[in-house]
Amino acid sequence: MAGQMHITKRDGRAEPVMFDKITDRIKALCTGLNQEYVDPVAITQKVVQGFHNGITSSQVDTLAAETCAYMSQRHHDFSTLAARIAISNLHKNTLQSFSQTCRSMFEYEDKQGRPAALISDEVWNFIRENASQLDEAVDYERDFAFDYFGFKTLEKSYLLRVHGHIVERPQHMWLRVACGIHCGSLNAALETYDLMSRRLFTHATPTLFNAGTPCPQMSSCFLLTMKDDSVDGIYDTLKQCAMISKCAGGIGVALSNVRAKGSYIRGTNGSSNGLVPMLRNFNETARYVDQGGGKRKGSFAMYIEPWHADVMDFLELKKNHGKEEQRARDLFYALWIPDLFMRRVKADEEWTLFCPNETVEIDTGKGLMDFWGDEFEAMYTRLESEGKGKRTMKAQQLWFRILESQMETGTPYMLYKDHANRKSNQQNLGTIHCSNLCTEIIEYTSADEVAVCNLASVSLAAFVRLGDRSYDFEELRRVTGVATRNLNKVIDRNFYPIEEARRSNMRHRPVGLGVQGLADALMMLRMPFESEDARRLNEDIFETIYFAACEASCDLASALGPYATYKGSPASEGKLQFDLWNRTPKSGRWDW
């Protein structure tokens, strides 16, 4: 009939718009939702208002999902329905077979007809050889556990595309990651897939981005120390940052060895421009070389210690006002604070600023940044008494400038140098100079070593047993062990953007286990967040995670030998993390 509106089906056929058919599609996805709020007829009425003649079936699903997402402010079940519609749409537009999906990614060619495989040769051969078992293991119903925001995040950045179109489903992604980590071991790959797809734990974003691909850069965090206080050293470090950022790594850089503004340069008989112009170069690199080719913005955190003579300019760099040539707003800033500074703030005493170049001992080549604790304090007070400071001010004056910057910009981050070194298992290597972008990793760095950390996150709410409102510590132990072994495997299978990162990771083999969902677990157990029961559960959870991680590490060391720099570490002397904090495990649950 003339003027009747049509929908273009996925096979290209034109079909008249049928209100009831759209309603039935939405109704079929409403199982378990609150019917008092979620009315398929009312939703369909809103959806059809956005129709145009020739709208495709896929566009109808997208419009319906967006409509439900907008209505989620009325009830959270609308968000669940939005996710179900969007995921169902993805399923209709992608292959059901994991192995066939991987084949299409492996055989991918760019628009010029050049091979551009998204799956590595080794991983594809493993998938092809085990295609039937892998395809059988996939449970696509688990895709529907995502909420709308979570699914759209996966869709935007994580699921792989061919010619701009998404070809992976969330379950395909989990299984690709598992195969990328455990290529050659089917049972281990299936175990990892099962745990991740049930959302008991997840690997970090770079692992989800890159596992199984021809460039499997799976590490999250990279920590650098400025190679040298020279043009070569600065630009070599800048290149390292660019290479790491290209491969989706977040970066922390220790700058406390770079001389301050106005300091003498012996090679040119001139004077230094200080940190600010240098940091503007790092700022532009972070903007230009983003993470994973546009998947995430490049992110650099720049660390100095509060005795550095350029610290006042450093605190201004992220502010929204002031001269543009004195700003570098796309970087993140952090202070690596010695205890001495905090004591002087508390006592309202003087604080002296130094140029790093003028604190270096000629016979050892070490400066203030290379010492911590009593050795740092002895050197700092000696330099003060020798009159080598650039400027002296009240410690509280600097402190209030720090607080002002934090209120205006959210930075600098504040980490405590002496405490970080005192609690580290790498005390046998030397002084630790910085943390990473997110401040949760503290590792040793040097001019020829770039520290790396591979991360995973355990979902604490997944171990709550709702039947008797108890917590499954044994399952938490098991899953933590799997995650620890996985992270150790990532070290070996990882692509390292620079040689210094590979050298560091192979020598020290660091892994990072985080958590998510503690508040959710407490709510599920009906425990007030600040109650004594919640505090005890918190301790018990982290005691279990630490025990399981240590247990898995011991098993790996028994089979493969200890890591290269184990000897001389606190752990090698029987001092575990709780010993360094003068604490004793309380639960009695585990045999330490």
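Q: In this predicted model, why are H19 and H22 called oblique to each other?
A: Helix H19 (residues 473-493) and helix H22 (residues 532-560) pack at an angle of about 45°. Angles under 35 degrees count as roughly parallel, and 65 to 115 as roughly perpendicular. The value falls in neither range, so H19 and H22 are oblique. Their axes lie 8 Å apart, and the crossing is right-handed.

Q: What makes up the contact of H19 with H22, by class?
A: The contact has 11 nonpolar, 6 polar and 4 charged residues. Gly is counted among the polar ones under this scheme.

Q: Why is Thr359 called buried?
A: Its relative accessibility is 3%. Buried means under 20%, so Thr359 qualifies. Thr359 sits in the loop between strand S13 (350-353) and helix H16 (373-385).

Q: What makes the pair of Thr359 and Pro356 a polar contact?
A: A polar atom of the Thr359 side chain lies 2.9 Å from the backbone oxygen of Pro356. The cut-off is 3.5 Å, so the distance is within it.

Q: Which residues does Thr359 contact beyond its neighbours within four places in sequence?
A: They are Phe354, Lys366, Gly367, Leu368, Met379 and Leu383.

Q: How do you know whether Met196 is buried or exposed?
A: Met196 has a relative accessible area of 0%. Under 20% counts as buried, so Met196 is buried. Met196 belongs to helix H10 (residues 186-197). Leaving out residues up to four places away in sequence, Met196 touches Trp174, Val177, Ala178, Phe201, Thr202 and His203.

Q: What separates the C-alpha atoms of Met196 and Val479?
A: The distance is 9.9 Å, with the two residues 283 residues apart along the chain.

Terms used. Residues numbered from 1 in each chain as written. Predicted model: local features only at pLDDT ≥ 70, side-chain atom pairs only at ≥ 80, totals over all residues. Heavy atoms only, no water. Helix = DSSP H or I, 4+ residues; strand = E, 2+ residues; numbered from the N terminus. Buried < 20%, exposed > 50% of the residue type's maximum accessible area, 1.4 Å probe, protein only. Polar contact = N/O pair within 3.5 Å; in protein donor to acceptor, adjacent residues only side chain to side chain. Contact = heavy atoms within 4.5 Å. Axes fitted to C-alpha atoms, helices over the stretch in contact; angles between N-to-C directions. Parallel < 35°, antiparallel > 145°, perpendicular 65-115°, else oblique. Left-handed = near helix turned anticlockwise from the far one by under 90°.
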